[in-house]
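The exercises below are meant to be worked with the sequence and the coordinates side by side. Try each task before reading its solution.

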Amino acid sequence: MTDPNLYDYNPYSARPKIAWPEGKKLAFWLAPNIEFYEFDPPRNPKRPGWPRPAPDVTGYAQRDYGNRVGHWRLMEAMDRHDLRGSVSLNVAMCDHCPEIIEACAQRGWEFFSHGVYNTRYSYEMDEAQERAVIEDSIRTVEAATGQRIRGYLAPALTHTTRTLDLIAEYDFWYTCDLFQDDQPQPVKTKTGRLLSMPYSLEVNDVITYGQLAMDPWRYADVLKRQFDQLLKEGEASGTVMCIPLHAYLVSQPHRLRAFETALAHIRAHGDEVWFATAQEIAGHVRDHYWDAIQDDLDDKGLKTGGTAFDAWSQP
Amino acid sequence: MSLDPSYLDYPKRGYGQDMDRYDWALAKDRAPVHLASGAKIAAMIVVACEYHPIDPKKAPFNHPHGMITPFPDLRHFTSRDYGNRVGVFRILAALREAGLSATFALSAALLERARPLADAILNDGHEIAAAGLHGDALHHAGLSEDEERALIARTREAFAAAGIEPVTWLSPARQQSFATPDLLTEAGFTRVLDWESDQIPLPLRTSHGPLSALPLLNELEDFKLLVERKQDEASWVRQILEAKDYLKTEYAARGASVLGFQLTPFVAGQPFRITALEALLAGLAQDTDVWCAGADVIASAFER
């Protein structure tokens, strides 16, 4: 058993409060995943591109439905509730479906990288290959939207032991790959100031609809309860709530109206909530709380030194 | 193709158990226990705070809460760690609010890594039990007795170094070897949460005196119901409170009983489950027939 040393232990009780702009209790962000799954992807030694042999027609077609039909539905629903997205983007979408990228950019949505394709995994990449994916991400989104991306969610949640250090080196501000907290927390990288950004798997539609088999109304109820609890706690701690979404799931015709009831519920508490992008949230914490969090950990004797995966030799 | 003829030999076929940790006895035939407090139900809430390593050996199997995707499984490592860092403090607050005592079973690996957690548990007056070294340090018959003895000794040492002397044991993944009960009493443990053979504490015979087995009901574990079986929070709460109400109906004939169930911080401590957790704990706290205590205190009460 070796500790990956990703971050210092920081018990949720008695932390210094994170105050959001204008005294809001909770920072809320929506993360539509805009993804491209290849029809016939190359095989990664650790994981096949599809559960069935390619072509996995139903799997491919459902995800494409998400882009052709579902995305616009979700975007229009978010327009109705005056909510921006922070897009978890397979950056090849800028080449395949630029209309979607353009429409999001026009709305002032943020983009962050979710790799090139959701069928190209990080497993077994060498450093140069992983750098190439990161550089491709920065370059592609900048060319398509003018935005310099500051966030990363590894493609299909696949990592290497150097992923966090690399994105920190490229001046990324946040990773969505760590699920240990309901507040942004410092990650122990060799350079930079990288935060773990709460990006809940528990209320991610892939988990709730896929793994947990919820119906649309139960999902909406879970989202409302998640929000109510985090809002209540936010008064003392300053919490973050994220809803990660996939149009191929949430924008199904039997699901979107139930989902909108959750958005309406959250919107109804607008005076207590900072509706932000992930980059805005990360920027606020980096600028105002990075040192306070470190000092508090130091005061409590919880800093253990070192950096993530320092016990592992990098192949 | 055929099996070896010995496959149809039944050397232990006969009245009673096929092992000698305890004797066969029907629950209905024993003298009812009446607790000094007059309670009909002893509620034993076990909060399992386990550390699940990111580089597991998975020997001889993967802990049900362990890593799933290829290394480095940041997703499951950090999701489990959420429980010990954030979720458990919601459970502590809910227990405090309800005025209930529980048993927190901790991996030894958390004592150094998450010392403030142990302090918070002790400050609230809960019992701390040992949950082995960590979630991937499984006790199983493939270990030699000395290997398993060393696992328990290292666990003991880690707790002793933290100034904690637990008497209650929960095996990682509730897996044991044939020797585990003997090795536990040899190391000073007197309560165990792995065996749920009865509705009241059941003394196991071991090489170093009795080991009280307290019934922690596998069928009421939050992870099993909410994650594996995909049931909803209302049903989870209803099932535990139904068990409580059912056991009360048996009180007149069978006496007091134990209702043991597990809360797992990365499951029960999720924000969207807190109102359900609060309803569950209120349902126990508001019932004057229910007495909620740590495993050791409950075992002692049934020994009188």
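The model is predicted, and the first exercise concerns a segment of chain A that a database record singles out.

**Exercise 1. Describe the span of chain A that carries the UniProt annotation "domain: NodB homology".**

Solution. According to the unreviewed UniProt entry, this annotation covers residues 64-172 of chain A. The C-alpha atoms at the two ends of that span lie 29 Å apart, and the span is 51% helix and 9% strand. In chain B the annotation, again from an unreviewed entry, covers residues 81-174; here the end C-alpha atoms lie 20 Å apart, with 52% helix and 11% strand.

**Exercise 2. Decide whether the radius of gyration of chain A agrees with that of a compact globule.**

Solution. Begin with the length: for 315 residues, a compact globule would have a radius of gyration near 20 Å, and chain A has 19 Å, so the two agree. Next consider the extent, for the C-alpha atoms fill a box of roughly 55 × 50 × 40 Å along the principal axes. Then turn to the interior, where buried residues make up 49% of the chain. Finally, among contacts between residues at least 6 apart in sequence, 76% join residues at least 24 apart. The chain that gives these values has eleven helices and nine strands.

**Exercise 3. Work out how strand β8 of chain A is placed: are its residues buried or exposed, and which strand does it pair with?**

Solution. Strand β8(A) spans residues 239-246, and eight of its eight residues are buried. In a regular strand, side chains alternate between the two faces of the sheet. Accordingly, A:T239, A:M241, A:I243 and A:L245 point one way, while A:V240, A:C242, A:P244 and A:H246 point the other way, with burial on both sides. As for the partner, eight bridges join β8(A) to β1(A), residues 26-34, and the two strands run parallel. Within this pairing, A:N33 stands opposite A:H246.

**Exercise 4. Explain why the buried residues of α3(B) can be said to line one face of the helix.**

Solution. List the buried residues first: they are B:L117, B:A118, B:A120 and B:I121. Seen down the axis of α3(B), these residues fall within an arc of 160°, and they therefore line one face of the helix. On the other side, B:D119 and B:N123 are exposed. The cover over the buried residues includes β1, α1, β2, α2 and β3 of chain B. After the helix comes B:G125, with a positive phi near 80°.

**Exercise 5. Find out which parts of chain B supply its side of the contact with chain A.**

Solution. The contact takes 30 residues from chain B and 32 residues from chain A. On the side of chain B, α1, α2, α3 and α9 each supply at least two residues, and α1(B) gives the largest share, ten residues. By character, this side divides into 17 nonpolar, five polar and eight charged residues.

**Exercise 6. Identify unusual backbone geometry in the loop between β1 and α1 of chain B.**

Solution. Most residues other than glycine have a negative phi, and most peptide bonds are trans. In this loop lies B:P60, and the peptide bond from B:A59 to B:P60 is cis, with omega near 0°. B:P72 belongs to the loop as well, and the bond from B:F71 to B:P72 is cis, with omega near -5°. B:K58, also in the loop, has a positive phi of about 55° although it is not a glycine. With 11 C-beta neighbours inside 10 Å, B:K58 counts as exposed.

Methods: Residues are numbered from 1 along each chain as its sequence is written. Chains are lettered from A and ligands numbered from 1 in the order in which they are written. This is a predicted model: local features need pLDDT of at least 70, side-chain atom pairs count only at pLDDT 80 or more; totals for chains, interfaces and linings use all residues. Two residues are in contact if their C-beta atoms, placed from the backbone, lie within 7 Å. Helices (H or I, at least four residues) and strands (E, at least two) are DSSP runs, numbered from the N terminus. Ala, Val, Leu, Ile, Met, Phe, Trp, Tyr, Cys and Pro count as nonpolar, Asp, Glu, Lys and Arg as charged, and the others, Gly among them, as polar. UniProt positions are given in the numbering used here, feature names are shortened, and annotations may be inferred rather than shown by experiment. A residue is buried if 20 or more other C-beta atoms lie within 10 Å of its own, exposed if 12 or fewer, and partly exposed in between; C-beta atoms are placed from the backbone. Two strands pair if DSSP finds at least two bridges between them. The radius of gyration is taken over C-alpha atoms; the globule rule is 2.2 Å times the number of residues to the power 0.38. The arc is that of the directions from the helix axis to the C-beta atoms.
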